[in-house]
Amino acid sequence: MTNLLKYIVKNDAMKTDPKQIYGWRVYLLACSACFGAMSFGWDSGVIGGVINLDEFIAAYGLGSKDDVATANLQGNIVSVLQAGCFVGALAAYPLTDAFGRKFCLMYAACFTLVGVVMQAAASGHLEAMYIGRFVSGLGVGASSVINPIYVTENAPRAIRGLLTGMYQLFIVTGGMIAFWGNYAVSVHLAGPKQYIVPLAVQGLPALLLFSLMMICNESPRYLARKDRWEEAKMILTKIRNLPPDHPYLLDEFQEIADQLEYERRLVGDASFMSLQKEMWTVPTNRKRAILSIWLMICQQMTGTNAINTYAPQIFKNLGVTGTSNSLLSTGVYGIVKVVACACFLLFMADSLGRRRSLLVSSVGQAFCMFYIGLYVRISPPVDGQPVPAAGYFALVCIFVFAAFFQFGWGPACWILVSEIPAARLRPMNVALGSATQWLFNFVVARAVPNMLATVGPHGYGTYLIFGSFCVLMFFFVWFFIPETKGVSLEHMDKLFGVTDEERFAVTDGTKRDMSEIQVEEHSNRSDNRSV
């Protein structure tokens with residue numbers, strides 16, 4: 001495995017760090033936590049297909065597929081999940097600091113499962129559907145905050161981008177499975193089963209998240225923040241697969257201690273108000289918080305989740321006829337996203353880097369959106385007529401757009417938001433970024449059905465708006481986003497302008513001696529009975 005990583009990951013840390021740290025445990029931890037991300041991708045894929053099924057429309061009284069009133073109801077059903085995600089993301093910040101990353105992920109999985117059961121059992125009652133989707137959103141939103149933090153704090157620095165970016169890979173994998181599930185039920189099932197089965201099966205990722213996190217360890221950096229140093233060192237020793245006295249392990253542990261000492265000297269206690277003061281009054285922290293907010297706004301304004309959720313409707317607007325054909329095209333779209341995201345994580349995240357990936361992604365997405373919008377405006381598809389060559393190219397642009405998004409703005413935003421803040425501010429920073437993402441996800445999900453119905457014939461203006469945002473995003477990245485590949489979490493301060501002199505002045509040059517902390521071989525704490 002190490003030889004393969006050295007072939008595909010090109011950074012200085014990969015050349016110098018010991019090969020033992022890339023053992024199976026770090027991959028198991030990342031994959032286990034990322035099932036929380038799969039819940040969102042699965043839901044987006046399921047609901048986008050379900051709301052276009054005739055059986056669902058009849059059961060929930062949505063009326064005609066083409067009128068604005070139906071577009072409003074569809075927008076409400078879809079976006080109420082994002083509203084729950086927004087609340088869940090904000091709630092996750094204090095909870096994950098109080099109870100830990102591991103157990104909060106398990107609690108989030110329980111909320112998601114309860115919401116899924118309510119959606120599947122709604123039986124045509126919109127109120128139950130709304131409540132179920134909101135409750136599911138609480139779990140999904142909380143997972144979106146805790147998952148990147150947990151993976152980032154466990155990952156070796158050389159492959160941190162790859163492991164943290166798996167969050168996006170699991171989102172698109174969940175969406176792909178849901179897309180093909182929608183197609184399967186439209187072909188093989190009839191009656192209410194067409195929408196009840198996919199609504200129920202979407203609970204599988206949450207069930208896997210709960211089950212797998214039971215055997216995973218707590219984050220060593222969280223334990224260090226709680227002054228549980230022996231447990232932190234024992235877990236770090238286990239997941240790095242190194243002896244307790246190995247120089248690499250001692251250096252990493254000392255960096256964790258030095259960073260925490262600096263942050264505690266900087267502001268003092270870790271109360272909510274002191275952390276707010278630290279985030280917004282210290283210039284380098286304020287810069288990182290603002291960058292995180294804007295990264296997540298930009299991610300949503302690419303229009304990607306509009307296509308993810310309303311893909312069947314968009315393919316119909318581009319000339320694909322029949323519900324099954326539209327769902328089939330959506331399934332292929334899901335495959336393209338998964339393959340593109342996997343390629344990014346393997347060959348680009350820790351080699352090409354975050355910054356260049358975002359720049360390339362912006363250009364590619366802008367071109368695709370502008371072409372689709374101009375095609376729909378100048379030569380829109382006509383019912384009963386074959387799709388022209390220009391129309392097929394527009395369909396190809398949907399798939400190319402998906403690929404470019406996965407090459408940059410999809411996974412790179414989650415990587416950056418979770419790795420650039422200081423250790424004490426990481427939960428708050430990720431919660432802030434995640435809540436921003438869900439807020440604008442809600443705005444887009446609620447607005448797009450109406451935009452497709454009202455912003456020009458066939459909604460052509462929708463694509464031009466998203467293309468314009470992609471152009472603006474290129475310049476945002478060019479001027480404001482630094483490269484972080486291969487930089488350890490404890491060295492992010494230096495990257496964002498904190499000098500050694502400033503750090504020395506805060507800590508009076510003192511260090512906490514970590515060499516005396518011993519690893520207990522037979523601890524009876526539940527956090528340590530893990531893989």
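## A helical chain and its packing

Helices α3 and α11 (residues 204-213) pack with their axes 8 Å apart, at an angle of about 170°. Because angles over 145 degrees count as roughly antiparallel, α3 is described as roughly antiparallel to α11. Bear in mind as you look at this pair that the model is predicted.

Let's see who meets whom. From α3, the contact takes in Ser32, Ala33, Phe35, Gly36, Met38, Ser39 and Trp42. Facing them from α11 are Leu204, Pro205, Ala206, Leu208, Leu209, Leu212 and Met213. By character, the residues of this contact divide into 11 nonpolar, 3 polar and no charged.

Stepping back to the whole chain, there are 25 helices and 0 strands. The chain has 531 residues, and buried residues make up 60% of them. Among contacts with a separation of 6 or more, 82% are between residues 24 or more positions apart.

Now to the nonpolar cores. The largest of them holds 114 residues, and the members that touch the most others are Phe56, Leu163, Leu295 and Trp409. Helix α3, spanning residues 24-50, supplies the largest share of this core, with 14 residues. Leu163 is a good place to zoom in: leaving aside neighbours within four places in sequence, Leu163 is in contact with Val26, Tyr27, Ala30, Val151, Ala155 and Pro156. Another core lies apart from the largest one; this other core has 25 residues, including Cys368, Ile398, Ala402 and Phe466.

Cys368 brings us to the cysteines. How many disulfides does a search of the whole structure find? The search gives 0. Two cysteines are worth a look here, and the table sets out their values.

| Cysteine | Closest cysteine sulfur | Sulfur distance | Relative accessibility |
|---|---|---|---|
| Cys368 | in Cys397 | 4.5 Å | 1% |
| Cys397 | in Cys368 | 4.5 Å | 2% |

Why is there no bond between Cys368 and Cys397? A disulfide needs the two sulfur atoms within 2.5 Å, and the sulfur of Cys368 is 4.5 Å from that of Cys397, so the pair is too far apart for a bond. Are these two cysteines buried or exposed? Cys368 counts as buried because its relative accessibility is 1%, and Cys397 is buried too, with a relative accessible area of 2%.

Conventions. Residues numbered from 1 in each chain as written. Predicted model: local features only at pLDDT ≥ 70, side-chain atom pairs only at ≥ 80, totals over all residues. Heavy atoms only, no water. Buried < 20%, exposed > 50% of the residue type's maximum accessible area, 1.4 Å probe, protein only. Core = buried A, V, L, I, M, F, W, Y, C linked by side-chain atoms within 4.5 Å. Helix = DSSP H or I, 4+ residues; strand = E, 2+ residues; numbered from the N terminus. Contact = heavy atoms within 4.5 Å. Axes fitted to C-alpha atoms, helices over the stretch in contact; angles between N-to-C directions. Parallel < 35°, antiparallel > 145°, perpendicular 65-115°, else oblique. Nonpolar A, V, L, I, M, F, W, Y, C, P; charged D, E, K, R; others polar.
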